[in-house]
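Hi,

Here is the structure I said I'd pass on. Have a look at it first, and my notes follow underneath.

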Amino acid sequence: MHERILDQAAGLRRLGAPSPVNVIAITGGKGGVGKTVVAVNLGAALAAQGRSTMLLDADLGLANVDVLLGLRSRLNLEHVVSGECALDDVIVTAPCGLRVVPAASGSVSMASLGRAQHAGLVHAFSQLLEPLDVLLIDTAAGVGDAVVTFSEAAQRVVVVVCDEPASLTDAYGLIKVLAKRQAGCRFEILANMVDSAAHGRALYEKLMRACHRFLGLTPSYFGYVPYDEYLRRAIRGQTTVVEAFPSSASARELARLAKAASGWLPAPGARGGIEFFMERMLRPRGAALESAAG
Ligand SMILES: Nc1ncnc2c1ncn2[C@@H]1O[C@H](COP(=O)(O)OP(=O)(O)OP(=O)(O)O)[C@@H](O)[C@H]1O
Ligand SMILES: [Mg+2]
């Protein structure tokens with residue numbers, strides 16, 4: 001009898017529990033390849049398709065998601081981590097419906113946060129009551145600790161590349177670092193600023209072959225975003241190309257990418273809500289921090 005009641009309770013919890021959030025890190029290794037542009041526009045496209053989407057600016061040194069979207073924010077992630085305010089207080093909503101967690105433009109690095117601050121971050125995300133379909137994370141350039149931590153906390157890692165030798169070698173280096181630390185990490189290659197679909201596919205194949213040969217893994221092809229003057233015009237107007245020029249070549253591809261990303265299934269065994277992200281944020285830092293998470 002007792003067991004039956006427990007079973008029922010578990011069933012009810014499952015019914016009422018939010019489904020796992022699709023956590024996607026946008027990274028790339030090299031600077032200036034279009035990570036933030038992709039993150040912001042993919043977020044806008046997902047929001048336009050009715051997905052409840054939040055974008056976390058994890059470029060803690062040079063945060064600029066808010067600038068690209070023309071948003072004003074007095075509070076940011078730094079205030080959340082220090083306990084000055086709740087996560088809800090810093091979230092700003094862009095006109096397209098995309099919710100943004102702005103980061104500090106100061107010098108605080110997530111990699112150097114202490115135990116209490118980690119607990120603060122976890123606490124902040126655990127307080128997030130609104131249901132989310134997708135959490136996008138815009139990371140900084142390079143392979144620093146913060147980039148690695150946020151990428152590891154994601155279910156998918158979108159690696160943005162453009163047709164420059166340094167972009168491909170940096171992307172390869174980043175994949176190598178992440179794959180070594182976390183077996184089974186799922187990489188999605190996005191070719192940005194390319195001339196055509198064939199150009200995007202060729203870039204992907206170059207990188208995929210190197211990964212296959214030297215790392216023994218095969219990243220997937222997410223798709224491409226063409227080089228587009230309309231996208232640059234949208235940036236100058238501090239808006240997204242998805243909203244300003246929805247029939248432009250880049251906006252159409254971004255809408256396709258958003259549809260594809262919506263279909264990504266959560267990691268096997270992922271728990272409901274934002275818990276997956278929180279757990280993974282803490283996991284690499286050892287048992288002490290795990291206990292801080294409660
Ligand atoms: N598809 C595109 N078409 C035209 N221009 C683009 C495209 N993607 C990016 N750009 C240009 O590249 C610039 C850099 O993009 P973005 O700031 O997103 O790069 P990033 O990878 O986030 O850089 P950082 O490493 O400094 O964070 C944009 O301001 C824009 O001018
Ligand atoms: Mg950026």
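Before the notes on the ligand, one term: a polar contact here is a pair of N or O atoms within 3.5 Å. Please also keep in mind that this is a predicted model.

With that cut-off in hand, start at Pro226, where a backbone N or O atom sits 3.0 Å from a nitrogen atom of ligand 1. Two other backbone contacts go to oxygen: a polar backbone atom of Val37 is 2.8 Å from an oxygen atom of ligand 1, and for Gly34 the distance from a polar backbone atom to a ligand 1 oxygen is 3.0 Å. On its own the ligand would expose 640 Å², of which the protein buries 81%.

What surrounds it? The shell around ligand 1 holds nine nonpolar, five polar and four charged residues. Of these 18 residues, Gly32, Lys35, Thr36, Val37 and Asn192 come nearest. Two or more shell residues are supplied by each of α2 (35-48), β7, β8 (220-226) and α10.

Now for the backbone. Most residues other than glycine have a negative phi. Two spots here go the other way:

- Met193, in strand β7 (residues 187-194), has a positive phi near 60°. Its relative accessibility is 32%, so Met193 counts as partly exposed.
- Gln238 lies in the loop between α10 (229-236) and α11 (241-244), and its phi is positive too, near 50°. With a relative accessible area of 39%, Gln238 is also partly exposed.

Over to you!

Note on methods. Residues are numbered from 1 along each chain as its sequence is written. Chains are lettered from A and ligands numbered from 1 in the order in which they are written. This is a predicted model: local features need pLDDT of at least 70, side-chain atom pairs count only at pLDDT 80 or more; totals for chains, interfaces and linings use all residues. Side-chain values use heavy atoms; hydrogens and water are left out. Helices (H or I, at least four residues) and strands (E, at least two) are DSSP runs, numbered from the N terminus. Buried means under 20% relative accessible area, exposed over 50%, partly exposed in between (1.4 Å probe, protein chains only). A residue is near a molecule or strand if one of its heavy atoms lies within 4 Å of it. A polar contact is a pair of N or O atoms within 3.5 Å; within protein, one must be able to donate a hydrogen and the other to accept it, and residues adjacent in sequence count only if both atoms are side-chain atoms. Accessible areas come from the Shrake-Rupley method with a 1.4 Å probe; for residues, only the protein chains shown count as cover. Ala, Val, Leu, Ile, Met, Phe, Trp, Tyr, Cys and Pro count as nonpolar, Asp, Glu, Lys and Arg as charged, and the others, Gly among them, as polar.
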